[in-house]
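Got the model open in your viewer? Here's a walk through it, one selection at a time.

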Amino acid sequence: MSKVLIISDSHGLTKELEIIRERHLSEVDLMIHCGDSQLMPTDQSISGYLTVMGNCDFGAEYPLETTTEVAGRKFFITHGHRYSVKSTLMNLKYKAEEVHANIVCFGHSHVLGAEVVGGTLFINPGSIRLPRERLEKTYVILDLQSDKINMSVFESSGRELTKLAQEFTL
């Protein structure tokens, strides 16, 4: 059993990233930041997060996208602005198929969401700075089990939003 924390669109916040990292450091195997941190890779606040570049990460040397594997599942991580995620997941779905990803993590829209499309789990953790379509500033933790994936949603304060929890079978 492995856990992955996913966060996005922190837009310059530093203390919050550090607090969230310290809060979950001992319980997760990987921490992902889906871009628009607006921090340089050398900034201590972003240390420990696997980070990609967002459309607001000017001058930062992050990859535009990356893949990694956790508990036998392949993750594709991108910000999403190059895939038109505000209007469709289709472009991202094609990319996921191309790289054989089981789970796609992205941000950009600042809208919390999770859905399975064509056998692939798409996760947008929302934003801990400027959420859209809800008041809570959110991030998620995926609990990767052999036969299912449990998603827990947290406010930046650390309060779990239990009504938003979901379970996926891939």
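Select Ser37 and Leu39 to begin: a polar atom of the Ser37 side chain sits 3.2 Å from the backbone nitrogen of Leu39. Keep in mind as you click around that this is a predicted model. Ser37 belongs to the loop between strand 2 (30-33) and strand 3 (50-51). With a relative accessible area of 0%, Ser37 is buried.

Now show what surrounds that serine. Leaving out residues up to four places away in sequence, Ser37 touches Ser10, His11, Gly12, Ile46, Asp57 and Tyr62. If you want a distance to draw, go C-alpha to C-alpha from Ser37 to Thr66: the two are 29 residues apart along the chain and separated by 16 Å.

**Next selection: Asp9**

Asp9 is in the loop between strand 1 (2-7) and helix 1 (15-24). Which side chain of opposite charge is nearest to Asp9, and how far away is it? Pick Arg132, and the distance comes out at 6.9 Å. A salt bridge needs the side-chain nitrogen within 4 Å of a carboxyl oxygen, and Asp9, though buried, has no salt bridge.

Asp9 does have polar partners to look at. Add His110, whose side chain makes a polar contact of 3.1 Å with the side chain of Asp9. Then add His108, where the backbone nitrogen lies 3.0 Å from a polar atom of the Asp9 side chain. Expand the selection to contacts and you'll find more residues touching Asp9, among them His33, Gly35, Asp36, His79, Gly126 and Arg129, again not counting residues up to four places away in sequence.

**On to the charged pairs**

Side chains of opposite charge can pair when their charged atoms come close. How many salt bridges turn up in a search of the whole structure? The search finds seven. Here are some to visit.

Start with Lys93 and Glu97, whose side chains meet in a salt bridge at 2.5 Å, N to O. Both residues are in helix 2 (residues 90-99), four residues apart, which is about one turn of the helix. Colour by accessibility here: Lys93 counts as buried at 18% relative accessibility, whereas Glu97 is partly exposed with a relative accessible area of 41%.

Jump to Arg134 and Glu136 for a salt bridge of 2.8 Å, N to O. Arg134 counts as partly exposed at 29% relative accessibility, and Glu136 is partly exposed too, with a relative accessible area of 21%.

Then select Glu167 and Lys148, where the salt bridge spans 3.6 Å, N to O. Glu167 lies in strand 11 (residues 166-168) and Lys148 in the loop between strand 9 (138-144) and strand 10 (149-155), so the pair ties together parts that are 19 residues apart in sequence. At 23% relative accessibility, Lys148 counts as partly exposed.

One more charged stop: pick Glu65, Lys95 and Glu98 together, and you have a network of linked salt bridges.

**Cysteines**

A disulfide is a covalent bond between the sulfur atoms of two cysteines. How many does a search of the whole structure find? Zero. Select Cys34 and Cys105 to see a pair that doesn't make it: the closest cysteine sulfur to that of Cys34 is the one in Cys105, 5.2 Å away, which is too far for a bond. Cys34 is buried, with a relative accessible area of 0%. Cys56 is in no disulfide either, as its nearest cysteine sulfur, that of Cys34, is 15 Å away. Cys56 is partly exposed, with a relative accessible area of 23%.

**Last stop: rings**

Show the aromatic side chains. A search of the whole structure finds two aromatic pairs. Phe76 and Tyr83 form an edge-to-face pair, 6.2 Å centre to centre with 90 degrees between the planes. Phe76 is buried, with a relative accessible area of 1%, and Tyr83 is buried at 12%.

Is the pair of Tyr139 and Phe154 stacked or edge-to-face? Rotate until you see the rings from the side: this pair is stacked, 5.5 Å centre to centre with 15 degrees between the planes. The pair links distant parts of the chain, with Tyr139 in strand 9 and Phe154 in strand 10, 15 residues apart. Both Tyr139 and Phe154 are buried.

Technical notes: Residues numbered from 1 in each chain as written. Predicted model: local features only at pLDDT ≥ 70, side-chain atom pairs only at ≥ 80, totals over all residues. Heavy atoms only, no water. Helix = DSSP H or I, 4+ residues; strand = E, 2+ residues; numbered from the N terminus. Buried < 20%, exposed > 50% of the residue type's maximum accessible area, 1.4 Å probe, protein only. Lys, Arg positive; Asp, Glu negative; His and termini not counted. Polar contact = N/O pair within 3.5 Å; in protein donor to acceptor, adjacent residues only side chain to side chain. Contact = heavy atoms within 4.5 Å. Disulfide = S-S within 2.5 Å. Phe/Tyr/Trp six-rings, centres within 6.5 Å; stacked < 30°, edge-to-face > 60°.
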